[in-house]
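Here's a quick tour of one protein chain, with an eye on its strands and its main pocket. Have a look at the structure, then read on.

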Amino acid sequence: MSVTITVATTGPIASKADNPWLPTQPDEIADQVLEAYVAGASVAHVHVRDAQDRPTADIGIARTTMEKIAERCPILIQLSTGVGLEVPFEDRERLVELRPQMATLNPCSMTFGAGEFRNPPADVERLARRMEELGVKPELEIYDTGHLEAALRLRDAGVLSSEPMQFSIVLGIRGGMAATAANLITMVQRLPQDCVWQVIAIGRANLELTAMGLALGGNARAGLEDSLYLRKGELSHGNLPLVERAVELAKVLDRPIATPEMTAERLRLQSVAVR
């Protein structure tokens, strides 16, 4: 089966002080997405920042970033509704009104490092229903075992009806599942049949767990949101080296790289546009 490679360029936490090659402004993000697309990425997971490089849910900045990406290449765009711990849910959920092909849906609140990531049940259900109305494919981010059950309850209640379901198994966030092989295998075994899934391994476990996820039949995410380093002590010079590494891992495992068209067909994405 082909592998969908997602590039996660920016994230909500790291700064240029952590890695000077981190893209934060629309043109920087779009330029690095283009490089990732040429290397084999078919999905761009997008966080945006304001002029001071702070995480933002500003609709204008998000629209501009999406437009600049679309001008450069036909990669699929997945907006993050996670945005940042200090951004209110009501601001975050409005991002789906831009109708990206995909957007993240976080089913539960949780401790996130030293902060709190708030996703109240009623708000999550409202956002899920709105995404269904707009034809925006949810990517369910699963940070702990109970998050999967919460997502499946939304499915069973008819709130999430888009098939196949799409999951990201997130490992390594303080407050969520530890980045271990045992946790990854446990979660993969519990996923519903015929779903689409990928591993998001944070920090030093990124390489090993990405490789394991690919070996287990999952997709892969790569980029500076998840790992600022290419190897111990060596900062990654942008997102491209991390994407190239993920592509090489897939090829070593004899798994062909999916194009955006192949990924869209597999996920049964609706045709949507920046508005």
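What follows covers a run of paired strands and then the largest pocket. Keep in mind that this is a predicted model.

Let's start with strand E2, residues 43–46, which is covered on both faces. Val-43 and His-45 are buried on one side, and Ala-44 and Val-46 are buried on the other. That split fits a simple rule: in a regular strand, side chains alternate between the two faces of the sheet.

E2 has E1 and E3 as partners, and the pairings look like this:

| Pair | Sense | Bridges | Residues facing each other |
|---|---|---|---|
| E1 (residues 5–8) and E2 | parallel | three | Ala-8 and His-45 |
| E2 and E3 (residues 76–79) | parallel | four | His-45 and Gln-78 |

So much for the pairing; how does the chain get from strand to strand? From E1 the chain passes through helix H1 (residues 26–39) to reach E2, in a right-handed β-α-β crossover. E2 then forms a right-handed β-α-β unit with helix H2 (residues 59–72) and E3.

Now for the open space. The largest pocket has a volume of about 1000 Å³. Its lining counts 45 residues, and the closest to the pocket centre are Ile-202, Gly-203, Glu-225, Asp-226 and Ser-227. Which elements give two or more residues to this lining? They are helix H7 (206–215) and strand E11 (229–231). As for chemistry, the lining residues divide into 21 nonpolar, 13 polar and 11 charged.

Technical notes
Residues numbered from 1 in each chain as written. Predicted model: local features only at pLDDT ≥ 70, side-chain atom pairs only at ≥ 80, totals over all residues. Heavy atoms only, no water. 1 Å grid on protein atoms, 1.4 Å probe; cavity = no way out; pocket = protein on both sides within 12 Å on 5 of 7 lines; lining within 4 Å. Points joined across faces, edges and corners; volume = space filled by probe spheres on them. Nonpolar A, V, L, I, M, F, W, Y, C, P; charged D, E, K, R; others polar. Buried < 20%, exposed > 50% of the residue type's maximum accessible area, 1.4 Å probe, protein only. Pairing = 2+ DSSP bridges. Right-handed = clockwise from strand over helix to strand, strands pointing away.
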